[in-house]
Amino acid sequence: MRSALFNAYYWVLSIFYGLSAALAALAPGREAVTFTLRLYSRRMLWALDRLAGVKVQLKGQENLPAGPCIIAAKHHSWGDGFVMFAHVDNLSFVTGDHLEKFPLVGAILKKFGAIVVDSCGGPEAREALSKSAAQVAAEGRRILIYPEGHLAAPGERFRYRTGVYHMSKDFGLPVVPVATNLGCFWRQTEKQKTPGVATVAFLPPLPQGLEKEDFMRLLESVIETRTNELIAEAHGAPARESVLVEWDGRKNVPMETKAVTAKPIP
C-alpha cells in the first residue's frame, strides 16, 4: 500500500513539475529551471520518506570541493538523481540521448545545461562529451556522471566507462566517487519500495594525475568496495564482491566475475 501511494504521488508530481520545468525553460537563464528541478527533487525525497518509508541519509559531504568537480556515482535507482539535485548546488549532469525521446524533456535538458551524449557510446559520443563538458567546466559547475552508464541492481556492476577519466584530465577537475545502497530500498525502476534507511556516501576525491588504467581501477575499486559495505549494512550480512554484468537490451546478464582490486598508487 505504501509503495502504491508513493508511485501515484511520483507520477502526479512528475507530470506537474515536468510541465512546470518546460514553462521555466522559457525564462531567461537557468535559474528558473534549476529551482523547479530542485523543488521537484526535494518533494520526491519527502514523499519517499513519508509515504514509502525510505529515508535517505547523506555521508561525507565534506569531501565535496567548494568549487567545480566531477561526481562519479554508483547508479542504483531513479532515486539517485533526486538525491543529487536536492543536495548538490551548481550541478550539471551527463545523460544519454534516450531521455530526449520524452516530450518536453529535450528542451528542459538543453536549458538546464545537461551534457547529452549518444547512449551507444563510441568516438562521436566521446567528442560530444568533451565539447559539452568544456562549456560546463568553464562555468564552474559540478558535473554528475554515472560511470557505468546503466542502472545496476545491488550486488551488480557494469564495466566502468572512461569518460570520467577524460573529463578529469581535460579540465583538471577533482573526481569525487559516490557509493550507495539505495537500490536495496528502491531497486532500479521497480515499483515496490522497501522501508528503511538508505545511505549515499561521498568519498574522498581521487588523486589527480593518475594514468588512465590506474585511475579507472581505483575509481571502480573505491565505489564498489564502499557500495558493497553499505549493502551489507542494509542487509545485516557480510559484504560480498559485486558481480560483473552486461546489458542485453532487456535485462542485466551476468558476465565472468572479476575481482576489483586497486593497484597501489605511489
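Helices (H or I, at least four residues) and strands (E, at least two) are DSSP runs, numbered from the N terminus. Asparagine 7, a later stop on this tour, sits in helix α1.

**Before you start**

This is a predicted model, in which local features need pLDDT of at least 70 and side-chain atom pairs count only at pLDDT 80 or more, while totals for chains, interfaces and linings use all residues. Residues are numbered from 1 along each chain as its sequence is written, and side-chain values use heavy atoms, with hydrogens and water left out.

**The whole chain**

Show the whole protein as a cartoon. Its secondary structure comes to seven helices and ten strands. Of the 266 residues, 49% are buried; buried means under 20% relative accessible area, exposed over 50%, and partly exposed in between (1.4 Å probe, protein chains only). A contact means heavy atoms within 4.5 Å. Among the contacts with a separation of 6 or more, 72% join residues 24 or more positions apart.

Now colour by pLDDT, the predictor's confidence in each residue, from 0 to 100. The protein averages 87, and 88% of the residues score at least 70. Select residues 257-266: the pLDDT there is below 50, and beyond near neighbours in sequence this stretch has 21 contacts in the model. Where pLDDT is low, the predicted coordinates should not be read in detail.

**Helix α1**

Select residues 2-24, which form α1. The expected span of a helix is 1.5 Å times one less than its number of residues. For the 23 residues of α1 that gives 33 Å, and the end C-alpha atoms are 32 Å apart, which agrees. Show side chains and look for the buried ones, including Phe6, Tyr10, Leu13, Tyr17 and Ala21. An α-helix has 3.6 residues a turn, so residues three or four places apart point the same way. What do the buried residues of α1 pack against? They pack against α2, α3 and α4.

**Asparagine 7**

Stay on α1 and select asparagine 7, which is buried, with a relative accessible area of 15%. Not counting residues up to four places away in sequence, asparagine 7 touches Lys191 and Lys193. Add glutamine 192 to the selection: asparagine 7 and glutamine 192 are 185 residues apart along the chain, yet their C-alpha atoms are separated by 8.7 Å.

**Helix α2**

Select residues 31-50. The 20 residues of α2 should span 28 Å, and the end C-alpha atoms are 28 Å apart, so the two values agree. Among the buried residues of α2 are Val33, Leu37, Tyr40, Met44 and Leu48. Arg38 is also one of the buried residues. What covers the buried residues of α2? The cover includes α1, β1 (54-59), α3 (79-87) and α4 (105-112).

Now show α1 and α2 together. Axes are lines fitted to C-alpha atoms, for helices over the stretch in contact, and angles run from 0 to 180 degrees between N-to-C directions. The two axes come within 10 Å and cross at roughly 175°. Angles under 35 degrees count as roughly parallel, over 145 as roughly antiparallel, 65 to 115 as roughly perpendicular and the rest as oblique. α1 and α2 are therefore roughly antiparallel to each other. Their contact has 16 nonpolar, three polar and four charged residues. In this count Ala, Val, Leu, Ile, Met, Phe, Trp, Tyr, Cys and Pro are nonpolar, Asp, Glu, Lys and Arg are charged, and the others, Gly among them, are polar.

**Lysine 110**

Move to helix α4 and select lysine 110. Is lysine 110 buried or exposed? Lysine 110 is exposed, with a relative accessible area of 72%. Lysine 110 and alanine 25 are 85 residues apart in sequence and 8.7 Å apart in space, C-alpha to C-alpha.

**Two positive phi values**

Most residues other than glycine have a negative phi. Select asparagine 90, in the loop between α3 and β3 (91-96). Its phi is positive, about 55°, and at 42% relative accessibility asparagine 90 counts as partly exposed. Next select glutamine 188, in the loop between β7 (175-180) and β8 (196-202). Phi of glutamine 188 is positive, near 45°, and glutamine 188 is buried, with a relative accessible area of 15%.

**Helix α7**

Finish with residues 212-235, the 24 residues of α7. From first C-alpha to last, α7 reaches 34 Å, close to the 34 Å expected. Glycine 236 follows α7, and its phi is positive, near 65°.
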